[in-house]
2 protein chains.
Amino acid sequence: MSPLAKTPEPPYYAVIFTSQRTEGDAGYAAMAQRMEDLAREQPGFLGIESVRGADGRGITVSYWENEEAIRDWKANEDHQGAQEGGKRRWYAGYSIRVARVERAYAMDKSHEARAD
Amino acid sequence: MSPLAKTPEPPYYAVIFTSQRTEGDAGYAAMAQRMEDLAREQPGFLGIESVRGADGRGITVSYWENEEAIRDWKANEDHQGAQEGGKRRWYAGYSIRVARVERAYAMDKSHEARAD
């Protein structure tokens, strides 16, 4: 599970992937890790945040410099194979939304001096 | 935990809220449910998707018709109280990103006829 992503100042792009897993693993965990590792190597990749709940519902948000980087990642051959497996086996349903991040702010107590 | 949100055709807006919970509940679960219920009543609300993992990391994405709706929700008095509690008690860290959804697609097997 990826930590909070450190992204640059907006604007940049987000791909919001919300999914409901099917039952059982069927190679899913290994594929998901491989795809995250591969995404990190793509030009224009900025970060990724991913959470899956005990009920199989998950949200993964990946961040990209521009739309071209998103198109290239979608067209990546290994990723295309994973997309096919996702439709056939791993997901009961999913949504993908491509969005332009316009503003962002963050709070991180681990970097703050404690006041007490 | 909210199901996959049914949203209209883009464009619309997303608020991507990624967080790391502190230990213990301290009123968090009740507040989170109350805020989700309250968000659903706001003008311009389109949907919400929320997942939290066993390690306390969570992603909530809420969808809105326009930026005015997001500003109004941020300024809501009850929501302001929750935001303060979030900073003080409930979150070790979080990121908020406001993004304009430009395109979206979905797959839902529960609505498909089975081919076999």
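Where does B:P11 lie in chain B? You'll find B:P11 in the segment before β1 of chain B. Keep in mind as you look around that this is a predicted model.

## Two prolines and a cis bond

That stretch of chain B is worth a look. B:P10 and B:P11 are joined by a cis peptide bond, with omega at about 5°. Now turn to chain A: a cis peptide bond joins A:P10 and A:P11 there, and its omega is about 5° too. A:P11 lies in the segment before β1 of chain A. If you're wondering why these spots get a mention, most peptide bonds are trans.

## An alanine with positive phi

Next, have a look at the backbone of A:A26. Its phi is near 50°, a positive value in a residue other than glycine. A:A26 sits in the loop between β1 and α1 (28-40) of chain A. Is A:A26 buried or exposed? With a relative accessible area of 55%, A:A26 is exposed, because anything over 50% counts as such.

Chain B offers B:A26, which isn't a glycine either but has a positive phi of about 50°. The place to look is the loop between β1 and α1 (28-40) of chain B. B:A26 is exposed, its relative accessible area being 55%. As background, most residues other than glycine have a negative phi.

## Where the two chains meet

Now for the interface. How many residues of chain B are in contact with chain A? The count is 50 residues of chain B, touching 50 residues of chain A. Between them, chain B and chain A bury about 4,000 Å², and 55% of that is on carbon and sulfur atoms. Three residues stand out on the chain B side: B:R97, B:R103 and B:Y105 supply 18% of the area that chain B buries against chain A, more than any other three residues.

There's plenty of polar pairing here as well. Between chain B and chain A, 33 residue pairs are in polar contact, counting those with both residues at pLDDT 80 or more. Which elements of chain B give two or more residues to the side that touches chain A? They are β1 (12-21), β2 (45-52), β3 (57-64), α2 (67-75), α3 (77-90) and β4 (91-108) of chain B. The one that gives the most is β4(B), with 18 residues. Sort the residues on this side of chain B by type and you get 24 nonpolar, 11 polar and 15 charged.

## Strands side by side

Strand β4 (residues 91-108) of chain A pairs with β4(B) in the antiparallel sense, over 15 bridges. To find your way along this pairing, start at A:R100: its bridge partner in β4(B) is B:R100. You can also pick out A:R103, whose bridge partner in β4(B) is B:V98.

Strand β4(A) has a partner inside its own chain, too. β1(A) and β4(A) run antiparallel and are joined by 10 bridges. In this pairing, A:A14 stands opposite A:A99 in β4(A).

## Salt bridges, across and within

Over all chains, the count comes to 14 salt bridges. How many of them cross the interface of chain B and chain A? Four salt bridges are found there. One cross-chain pair is A:R103 with B:E67, where the closest N and O atoms are 2.4 Å apart.

Other salt bridges stay within one chain. A:K6 forms one with A:D108, the closest N and O atoms being 3.6 Å apart. This pair links distant parts of the chain, with A:K6 in the segment before β1 (12-21) of chain A and A:D108 in strand β4 of chain A, 102 residues apart. A:K6 counts as exposed at 61% relative accessibility, while A:D108 counts as partly exposed at 23%.

In chain A, A:R100 forms a salt bridge with A:E102, the closest N and O atoms being 3.5 Å apart. A:R100 counts as partly exposed at 30% relative accessibility, and A:E102 is partly exposed with a relative accessible area of 28%. In chain B, B:R100 and B:E102 form a salt bridge, and again the closest N and O atoms are 3.5 Å apart. B:R100 is partly exposed, with a relative accessible area of 28%, and B:E102 is partly exposed at 28%.

Notes. Residues are numbered from 1 along each chain as its sequence is written. Chains are lettered from A and ligands numbered from 1 in the order in which they are written. This is a predicted model: local features need pLDDT of at least 70, side-chain atom pairs count only at pLDDT 80 or more; totals for chains, interfaces and linings use all residues. Side-chain values use heavy atoms; hydrogens and water are left out. Contact means heavy atoms within 4.5 Å. Buried area is the accessible area (1.4 Å probe) that two parts lose on being put together, summed over both. A salt bridge is a side-chain nitrogen of Lys or Arg within 4 Å of a carboxyl oxygen of Asp or Glu. A polar contact is a pair of N or O atoms within 3.5 Å; within protein, one must be able to donate a hydrogen and the other to accept it, and residues adjacent in sequence count only if both atoms are side-chain atoms. Helices (H or I, at least four residues) and strands (E, at least two) are DSSP runs, numbered from the N terminus. Ala, Val, Leu, Ile, Met, Phe, Trp, Tyr, Cys and Pro count as nonpolar, Asp, Glu, Lys and Arg as charged, and the others, Gly among them, as polar. Two strands pair if DSSP finds at least two bridges between them. Buried means under 20% relative accessible area, exposed over 50%, partly exposed in between (1.4 Å probe, protein chains only).
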